[in-house]
Amino acid sequence: MGIKEIEIEIRKLDLKDRATLAKWLIDSLDELPESEIEALWVEEAERRLRLFEKGEIEAIDGKTVVDALRKSLR
C-alpha cells in the first residue's frame, strides 16, 4: 500500500482515531537513540556551515528571526 492509499484510508477515520494515530506517529519519531539524534544534528549543522561558507545561504540574526516569528503569529 502506498502513501496515497494510506492517506485515503486515514481520512476515513473519525477525528478521535486520527488524533490517536497522529500521536502514535509523532511518538514513533522518538525511537532513535539520543546519540544518533545528536549525530544527525551535528551533521545538519556542518551541512549548513558549508553552505554558508560557500555563500549559498546567508545568516539571519536572531532578533530578525524572532521579530518575523512574532509578526507571523499575530
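These are my notebook entries on the salt bridges I looked up in this predicted model.

**Entry 1: the overall search**

I began with the whole structure, and the search came back with 7 salt bridges. As a reminder to myself, side chains of opposite charge can pair when their charged atoms come close. I then went through several of the pairs, helix by helix.

**Entry 2: helix H2**

I looked up Asp27 and found it in a salt bridge with Lys23, with 2.6 Å between the closest N and O atoms. Both residues belong to helix H2, which covers residues 15–28. They sit 4 residues apart, about one turn of the helix. Next I checked accessibility. Asp27 has a relative accessibility of 38%, so I noted it as partly exposed. Lys23 comes out at 52%, and I noted it as exposed because the cut-off for that class is over 50%.

**Entry 3: helix H3**

Which residue does Glu44 meet in a salt bridge? I found that its partner is Arg47, at 2.7 Å from N to O. Helix H3 runs over residues 34–54, and the two residues are 3 apart in it, which again I wrote down as about one helical turn. Glu44 is partly exposed at 21% relative accessible area; I double-checked this one, because buried would mean under 20%. Arg47 is partly exposed as well, with a relative accessibility of 36%.

**Entry 4: helix H4**

I turned to Asp67, which forms a salt bridge with Lys63; their closest N and O atoms are 2.7 Å apart. The pair lies in helix H4 (residues 62–72), with 4 residues and about one helical turn between Asp67 and Lys63. Is Asp67 buried or partly exposed? My lookup gave 35% relative accessibility, so Asp67 is partly exposed. For Lys63 I got 58%, which puts this lysine in the exposed class.

**Entry 5: a network**

I also came across a group that goes beyond a simple pair. Lys4, Glu7 and Arg11 are linked in a network of salt bridges.

**Entry 6: a glutamate in a loop**

Finally I looked up Glu58, and I found this residue in the loop between H3 and H4. Glu58 is exposed, with a relative accessible area of 68%. I took one distance here too: the C-alpha atoms of Glu58 and Arg48 are 9.8 Å apart. Along the chain, these two residues are separated by 10 residues.

How values were computed:
Residues numbered from 1 in each chain as written. Predicted model: local features only at pLDDT ≥ 70, side-chain atom pairs only at ≥ 80, totals over all residues. Heavy atoms only, no water. Salt bridge = Lys/Arg side-chain N within 4 Å of Asp/Glu carboxyl O. Buried < 20%, exposed > 50% of the residue type's maximum accessible area, 1.4 Å probe, protein only.
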